[in-house]
Amino acid sequence: MAQDSELSKQELKQAFLSNLLYTQGKFPALATRTDYYLALAFAVRDQLLARWISTASAYTEQGSRTVCYLSAEFLLGPHLRNNLNNLGLEQTAQEAMADMGLDLEDLIACEAEPGLGNGGLGRLAACFIDSLATMEIPALGYGVRYEYGIFRQEIVDGWQVEKTDKWLHFGNPWEIARPEWMQTVRIGGHTEHYIGDDEKLRVRWVPRKVVNGVPYDTPILGYHTNNANTLRLWCAEAPESFDLATFNRGDYYGAVVQKINSENLTKVLYPNDETENGKELRLEQQYFFVSCSLQDMLRILKVQKIPLARFHEKFTIQLNDTHPAIAVAELMRLLLDECMVGWDEAWSITQKSLAYTNHTLLPEALERWPLALFQRVLPRHLEIIYEINARFLDEVRIRFVGDDARLSRMSIIDESGARYVRMANLASVGAHAINGVAALHSELLQQHVLRDFYELWPEKFSNKTNGVTPRRWIVQSNPGMTAAICDAIGDEWITNLPRIRALESFADDPVFRASWRGIKQANKATLARAIQQQTGIGVDPASMFDVQVKRIHEYKRQHLAALHAVALYLQMKAHPQREFAPRTLVFGGKAAPGYFMAKLIIKFITSVADVINRDPATSALLKMVFLPNFSVSNGQRVYPAADLSEQISTAGKEASGTGNMKFQMNGALTIGTMDGANIEIREEVGADNFFLFGLREDEVEAWRQRGYRPREIYNANPLLKEALDLVQSGFFSRGDSELFKPIVDNLLYDDPYFLLADFQSYADCQQHVADVWADQERWTRMSILNTARSGKFSSDRAIADYCRDTWRVEPVSVPLLLPDDVGCALLQ
């Protein structure tokens with residue numbers, strides 16, 4: 001790994017001023033802070049472009065096998081600091097800006113964060129493309145250029161309110177539009193069967209509408225390397241954006257209706273699919289980016305003069321969950337109808353090209369589309385799916401003779417009641433490899449969710465435990481800790497995280513422990529200032545920062561932590577003489593706009609916080625805050641400041657989690673269940689350095705089978721009963737006993753996520769946490785060991801696993817081309 005041609009401070013200043021003058025068209029007296037940010041961003045982008053062009057040249061010259069990562073989400077986070085860090089220019093930029101009277105931190109703060117993801121799925125994709133570039137693996141990330149992305153969350157009277165996320169308001173200096181590589185996407189209509197010139201039956205798709213997909217490319221530079229891969233995001237445009245004749249007739253809306261309807265495809269991430277129109281838009285959106293991406297691969301194949309029969313040798317395509325699963329049918333359609341390939345060869349290419357990552361154990365998250373809707377939007381694809389399904393079920397019949405129940409379960413078409421297309425089944429049939437994202441998750445896929453497919457094709461299945469990039473989540477987020485680690489063991493761990501294990505020997509060094517505590521305290525003071533600024537709530541940085549930040553969902557059990565806070569509050573009120581560990585509970589995360597219970601949980605957390613924070617009897621010992629609009633930027637402040645990481649999902653429900661890894665890397669201790677990657681984190685750090693509670697997955701299932709009666713637990717546990725009764729009385733809702741009744745009733749009469757069953761175990765474990773917190777030397781030692789044993793959870797390790805087992809792709813070193821080299825190439 002090598003990086004060439006580092007920019008000097010003077011050269012960076014000159015590039016900055018040139019971009020301010022010639023790109024922004026401003027001089028300092030008129031320039032705003034945003035102008036200065038954009039000028040610096042364009043100066044940095046110029047450095048990326050040299051490496052980007054060099055990378056494209058090297059990959060093309062070598063005909064490199066390429067990873068194509070298809071994901072509906074890429075939650076990238078801000079680019080400027082990331083690119084400065086990868087170029088090794090952060091210190092240079094800081095000094096250059098200071099020479100001109102500017103503060104680099106102020107300019108970095110100007111960048112609008114691209115809201116192109118909702119949570120772990122999108123952040124994982126971003127970590128993966130970082131690792132791919134750093135490890136010099138040829139790769140293309142394919143996704144959607146959402147105009148508004150995920151909503152901006154505000155908290156109004158304790159409720160989540162969704163606001164438009166205008167991340168493109170000032171433009172995006174990191175992307176380059178490529179209209180010359182535009183693709184055409186057909187939607188709706190009908191099919192016509194005809195006999196082709198070759199005397200074979202062919203199918204013509206006559207669409208209801210046509211949409212153009214314009215690619216916007218962003219260079220993704222690796223850490224201290226010349227490799228810059230491409231993130232290609234598709235934006236929908238109308239073929240004719242303005243109908244002049246209609247306008248001249250006075251129908252001004254009709255003149256632009258095609259433009260509006262087409263561009264709706266890429267307006268927002270995950271349109272609310274509670275309505276039929278919302279479902280249709282979401283299916284169209286997924287198909288749009290998949291079709292554009294596959295057509296783009298065929299274009300690249302043609303440009304590089306690679307025979308179509310070698311498609312699967314040139315490209316290995318990873319489907320990041322079921323959102324891009326329509327790729328199975330679309331690749332078949334392109335090969336059959338556009339390239340005139342026979343069925344058997346097309347199916348062979350498709351299966352050899354595609355691999356599928358499953359990210360969920362929740363049945364409702366395994367996408368399925370009503371058959372009528374699917375036929376209306378993608379009539380040709382339904383015909384292809386019927387044929388795939390018929391051939392597949394013939395194979396199942398031969399293998400499992402007389403097992404009609406298995407046929408019904410495995411069919412791509414769900415025939416039980418209303419008919420649906422099962423996208424997970426389609427992906428499982430069409431891919432040559434299927435993986436889960438944590439050891440337990442992969443095991444449960446094989447035992448339950450995809451058991452039938454595992455029994456048919458065990459060789460397809462493997463585990464690829466998720467990981468996160470230490471460049472973003474340690475180096476950028478926690479510079480103080482980064483410096484301390486580098487001083488102790490060097491900096492090779494940044495690109496080879498298992499080497500961080502050398503830090504173990506410093507866990508027993510009292511001087512190093514004191515330094516470690518000081519760094520954590522400084523991070524907590526930074527977060528405390530942000531909390532004060534965003535919420536108006538003052539918190540004590542000396543208290544234990546007990547943090548749960550993630551998407552709001554019942555199975556993640558944010559309401560378990562909030563209910564325990566109520567119980568802790570009651571204990572503090574009842575026993576003022578008892579010693580309690582001062583604690584600040586920090587929550588953050590977004591609820592899906594149509595998910596009533598998740599939004600009510602946010603209201604529950606904020607309402608409990610409002611009472612606890614105002615009570616002078618407890619406010620010195622217990623504070624509770626909800627950080628609005630949790631994002632990558634907020635995460636970079638939160639993870640380094642956390643003392644305790646809450647990973648408390650019901651066992652068997654979380655696929656992996658990646659927040660748990662970010663907390664661990666930054667020295668937080670975990671309180672968690674045996675769920676997702678928690679199990680592997682506990683194996684790595686050791687049972688003594690992990691706070692374990694709760695039922696295991698098999699115990700949850702056993703309890704469910706014999707009949708779970710949560711009200712019996714409520715009646716038998718005085719503290720739990722008192723806490724729930726207080727909530728039900730309206731104490732936290734200004735006397736309104738109806739407000740939180742849905743939460744209380746759900747827990748007492750259903751409790752599908754076994755919150756009450758785990759409550760006492762959680763409370764006991766939290767008491768153990770408080771006891772250990774009282775011994776700061778012990779806590780610090782455990783914190784250092786958590787960081788030192790986080791090497792397994794680098795996304796570099798995950799990518800290495802995929803490269804070895806699934807993609808079969810090798811790194812390509814990129815020499816940096818100089819402008820003269822490019823000029824010579826043009827003259828040849």
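In which sense do strand β18 (residues 544-549) and strand β19 (residues 583-588) pair, and over how many bridges? This is a predicted model, in which local features need pLDDT of at least 70 and side-chain atom pairs count only at pLDDT 80 or more, whereas totals for chains, interfaces and linings use all residues. Residues are numbered from 1 along each chain as its sequence is written, and side-chain values use heavy atoms, with hydrogens and water left out.

**View 1. The β18-β19 pair within an open sheet.** The two strands pair in the parallel sense over 6 bridges, where pairing requires that DSSP finds at least two bridges between strands, and V549 stands opposite G588 in β19. The open sheet has 6 strands, in the order β20-β19-β18-β21-β22-β23, with parallel pairing; strands (E, at least two residues) and helices (H or I, at least four) are DSSP runs numbered from the N terminus.

**View 2. Helix α22 (residues 558-574).** Because 14 of its 17 residues are buried (under 20% relative accessible area, 1.4 Å probe, protein chains only), α22 is largely enclosed by the rest of the structure. Its end C-alpha atoms lie 25 Å apart, which agrees with the 24 Å that its 17 residues should span at 1.5 Å a residue, the expected span being 1.5 Å times one less than the number of residues.

**View 3. I317 in the largest nonpolar core.** Of the 112 residues in this core (buried Ala, Val, Leu, Ile, Met, Phe, Trp, Tyr and Cys joined through side-chain atoms within 4.5 Å), L70, I317 and F374 touch the most other members. The largest share, 11 residues, comes from helix α9 (residues 276-303).

Notes
Buried < 20%, exposed > 50% of the residue type's maximum accessible area, 1.4 Å probe, protein only.
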